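This report covers pockets and strand pairing. Please look over the sequence and structure first.

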Amino acid sequence: MKNKNLYNYILGIADNSLILGQRMGELCGHGPSLETDIACTNISLDLFGQVRSYFQYAAKIAGDGRTEDDIAMLRKEREYKNVLLVEQPNTDFAFTLGRQFLFDVYHLAFLSELQKSSDLTLSAIANKCIKEVSYHERFSSDWVKRLGDGTEESKQKMQDAINSLWTYTDELFHQTEVDKAMVEEGIGVDVTQLKEEYYKKVSQLLEEATLDIPESKWFQKGGKEGIHTEHLGYLLSDLQYMQRTYPNMEW
Amino acid sequence: MTTTEQHIDQILMPILEQVSDPEIPVLSIMDMGVVRSAIIENGIVKVEITPTYSGCPAMDVIGDDIKKALQDAGYKSEIDLILHPAWTTDWITPRGRQALEDYGIAAPLNAEADKEVLLNGKRIVKCTNCGSKNTRLVSQFGSTACKAQFQCADCQEPFDYFKCLK
Ligand SMILES: [Zn+2]
């Protein structure tokens, strides 16, 4: 494949949205209230919409008859490049929204830079997505504050969520070989440059939410290289069920 | 390259105006601003549409509906989905805004006011039922991703507000 780096780079971006979209979609009919249920599934829908734009582009680059659906549904676990953060399960509502918040702050900063990509398709997609993601970030930040600065129980739950998710935040700023090559070509975003601002912004909001900023310096990574936590396999068996059971079925 | 102009062949206008948004049937796709160009080239109508939201499930339907309307009028057509420039609520026409309000969906405010409403709980969105501005945000996401849910504190009517996208 010509442009193999670009193809893999797009997948790296899109897989974050795909897997997080699937996680948020799991709340369909299971949200803690009707409004939050609808909000989470709308975020999921936005993310899936973004994924379609990325995968349609990736399919064009691959140029071997693969479709957006093949790319989404027919890869094996090791071939998904999402960060570990987004595959973590919905243990409770604080955890779900804490995860969303930790990703949204990154996502917004990332898209803001991707708009400047020398690849016009990627910059157009980023320009489109950033408008939606700014609504996501408002929503998740709002909930981190509400639960953090809420009752004793809600505060504890949000604190626990942030504490256990913290270990996955550093990976957002880890560069793969593909990332480096794309930055070199003016196409990719240098994520290492986003790190400082990210932790500043996140810490500010956690303070506002009267939560403690975790001190642990031990960070987990691997997702970007396809080495995932045990949770991704279960998620994929859900996500891929129809295509695996009824190959080539269409809606 | 970043043109926000529309190029619509006037002959096609009446046909396209008949196609409505499948989720908001009172609103024509022209008033929604999703059709960015429609021109006739070698006997084929080429239409470019742009999605309101990336995940908007209405886009595929809109594409099919345009094709069908043009076919009924005797035209072959090709529909292209373009992402750039990205759609903004500023492209909803005044007639479109009125149609939204009549349908029970509050039309988008400007970006500043929108922020005040969605982040700071300011009460300035007008109730589509009684006109009162004594309304409160129930949820930042309504029946679809493009809307937020409100309730009027005077007449108690729940209604959707079309969020500003810029
Ligand atoms: Zn009212």
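What volume does the second largest pocket have? It has a volume of about 550 Å³. Of its 24 lining residues, the closest to its centre are A:Ser134, A:Glu137, A:Arg138, B:Lys115 and B:Leu119.

This is a predicted model, in which local features need pLDDT of at least 70, side-chain atom pairs count only at pLDDT 80 or more, and totals for chains, interfaces and linings use all residues. Residues are numbered from 1 along each chain as its sequence is written, chains are lettered from A and ligands numbered from 1 in the order in which they are written, and side-chain values use heavy atoms, with hydrogens and water left out.

**Pockets**

A pocket is an open set of points on a 1 Å grid over the protein atoms alone, where a 1.4 Å probe fits, with protein on both sides within 12 Å along at least five of seven lines; lining residues have an atom within 4 Å of a point. Volume is the space filled by probe spheres set on the points, which are joined across faces, edges and corners.

The largest pocket has a volume of about 2000 Å³. Its lining counts 47 residues, and the closest to the centre are A:Phe48, A:Arg52, A:Glu68, A:Asp69 and B:Asp60. Helix 2 (34-62) of chain A is among the elements that supply at least two lining residues, as are helix 3 (58-72) and strand 4 (76-81) of chain B. Helices (H or I, at least four residues) and strands (E, at least two) are DSSP runs, numbered from the N terminus.

For the second largest pocket, helix 5 (93-114), helix 6 and helix 9 (195-208) of chain A and helix 5 (111-120) of chain B each supply at least two lining residues.

In the table, Ala, Val, Leu, Ile, Met, Phe, Trp, Tyr, Cys and Pro count as nonpolar, Asp, Glu, Lys and Arg as charged, and the others, Gly among them, as polar.

| Pocket | Top contributor | Lining by class |
|---|---|---|
| Largest pocket | Helix 2 of chain A, twelve residues | 24 nonpolar, 14 polar, nine charged residues |
| Second largest pocket | Helix 6 of chain A, eight residues | nine nonpolar, four polar, eleven charged residues |

**Strand 7 of chain B**

Five of the six residues in strand 7 (residues 147-152) of chain B are buried (under 20% relative accessible area, 1.4 Å probe, protein chains only). Strands pair if DSSP finds at least two bridges between them. Strand 7 of chain B runs antiparallel to strand 6 (residues 135-139) of chain B, with four bridges. Here B:Gln151 stands opposite B:Arg136. Five bridges link strand 7 of chain B to strand 8 (residues 158-162) of chain B, also antiparallel. B:Pro158 is the bridge partner of B:Gln151 in strand 8 of chain B. Strands 7 and 8 of chain B form a hairpin with five residues between them, and B:Gln156 in the turn has a positive phi of about 75°.

How values were computed. Buried means under 20% relative accessible area, exposed over 50%, partly exposed in between (1.4 Å probe, protein chains only).
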